[in-house]
Amino acid sequence: MRVNSPWKVGAHVSAAGGVENAVLNAARIGANAFALFVKSQRKWTSPALTEGNITSFKARMKQFGYLPDHVLVHGSYLTNLGNPVDEKREKSYECFLDDIQRCEQLGLQLYNFHPGSTVGRTTKEHSIALIGECINRAHRATSSITIVVENMAGAGNVIGSEFSESRAIIDHVQNKDRVAICLDTCHLYAAGYDISTKAGWECFDKIVGLSYLRGLHLNDARTTLGSKKDRHENIGLGPLALGFHAILTDPRTRDLPLVLETPTHGTDMDMDERMMKLKLTS
């Protein structure tokens with residue numbers, strides 16, 4: 001049963017057997033929002049969406065009352081738009097653009113991706129400029145999608161752990177109406193941002209701007225504050241309980257897709273119960 005709430009809580013659901021099945025899987029767990037992959041996240045190319053996939057997806061979105069603003073598509077894990085090697089970056093861009101074009105075929109509006117890495121071969125400033133250039137190209141090749149940049153934990157040469165890096169990517173994008181940020185709570189904590197405090201939110205607003213926030217990934221953390229390690233933990237088994245309470249009582253997060261990514265393992269609490277706890281926090 002779906003809880004009627006201004007906070008749109010959901011989960012990353014399976015699209016196995018066709019993207020249209022993601023809508024059914026979201027409805028089954030009572031989600032008010034959801035995330036999905038629109039093709040295999042671990043392959044460079046995938047079969048095109050069929051007219052049947054597209055028609056069924058749109059029909060089920062309408063049937064179950066989901067709005068495009070509450071669906072946060074997750075991009076491929078393979079793409080690295082910050083790679084300074086032209087041939088490799090172009091391969092990533094083609095995969096990236098294909099994802100976005102699929103989103104537009106399905107009538108979706110939000111495409112979330114990991115910004116990339118310098119691969120140790122250039123500066124972060126150069127990689128950030130390359131990422132911005134790829135976003136601008138994708139905007140010119142599409143008509144409506146908002147490209148949502150995810151923050152990262154900060155390991156190695158990965159870009160996006162500092163709010164200033166997210167802001168710099170936005171600064172390189174020409175059409176700022178079609179770029180946004182998704183905050184992953186585990187990544188924030190690993191990067192050193194204590195989001196359980198009011199100051200944590202104020203820091204994001206000051207550097208990036210809350211007007212750019214279009215979604216959150218709700219994940220607890222297995223490591224300590226500032227560890228730089230991306231280790232997701234099940235909700236309630238890590239240190240971020242107060243952070244989730246703050247998110248789900250903050251009027252500024254209303255009507256955003258708030259997506260649980262980490263499945264439960266070794267606990268008796270299933271997804272329905274975890275989502276219900278989050279929704280009823282306030």
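This briefing covers salt bridges, one helix and a loop contact region in a predicted model. A search of the whole structure finds ten salt bridges, and one network of such bridges links Lys39, Asp98, Asp99 and Arg102. Helix α1 spans residues 20-28 and has four named buried residues, Glu20, Ala22, Val23 and Ala26, while Ser161 sits in the loop between β5 and α5 and Ala191 belongs to helix α6.

**Salt-bridge network around Asp98**

- The side chains of Lys39 and Asp98 form a salt bridge, with a distance of 2.8 Å from N to O, and this pair links distant parts of the chain, since the two residues are 59 residues apart.
- Lys39 is placed in the loop between β2 (33-36) and α2 (51-63), whereas Asp98 is placed in helix α3, which covers residues 86-105.
- Asp98 also forms a salt bridge with Arg102, for which the closest N and O atoms are again 2.8 Å apart.
- Asp98 and Arg102 are four residues apart in helix α3, and therefore about one helical turn separates them.
- The burial of these residues varies: Lys39 is buried, with a relative accessible area of 8%, and Arg102 is buried at 3%, whereas Asp98 counts as partly exposed at 24% relative accessibility, because the limit for buried is under 20%.
- Asp99 is a further member of the network of salt bridges that includes Lys39, Asp98 and Arg102.

**The Asp250 and Arg252 pair**

- A salt bridge also joins the side chains of Asp250 and Arg252, at 2.9 Å from N to O.
- Within this pair, Asp250 counts as buried at 9% relative accessibility, whereas Arg252 is partly exposed, its relative accessible area being 45%.

**Helix α1 and the residue after it**

- The buried residues of helix α1 (residues 20-28) are Glu20, Ala22, Val23 and Ala26.
- Viewed down the axis of α1, these buried residues fall within an arc of 155°, so they line one face of the helix.
- The elements against which the buried residues of α1 pack are β2 and α2.
- Just after α1, Gly30 adopts a positive phi of about 75°.

**Ser161, Ala191 and their contacts**

- Ser161 is located in the loop between β5 (146-150) and α5 (163-172), where it counts as buried, its relative accessibility being 6%.
- When residues up to four places away in sequence are not counted, Ser161 touches Met152, Ala153, Gly154, Ala191 and Tyr193.
- Ala191 is found in helix α6, which covers residues 185-191, and Ala191 counts as buried at 9% relative accessibility.
- Leaving aside neighbours within four places in sequence, Ala191 is in contact with Met152, Ala153, Ser161, Gly226 and Lys228, so that the contact with Ser161 appears from this side as well.
- Ala191 and Arg60 are 131 residues apart in sequence, and their C-alpha atoms are 38 Å apart in space.

Conventions
Residues numbered from 1 in each chain as written. Predicted model: local features only at pLDDT ≥ 70, side-chain atom pairs only at ≥ 80, totals over all residues. Heavy atoms only, no water. Salt bridge = Lys/Arg side-chain N within 4 Å of Asp/Glu carboxyl O. Buried < 20%, exposed > 50% of the residue type's maximum accessible area, 1.4 Å probe, protein only. Arc of directions from axis to C-beta. Contact = heavy atoms within 4.5 Å.
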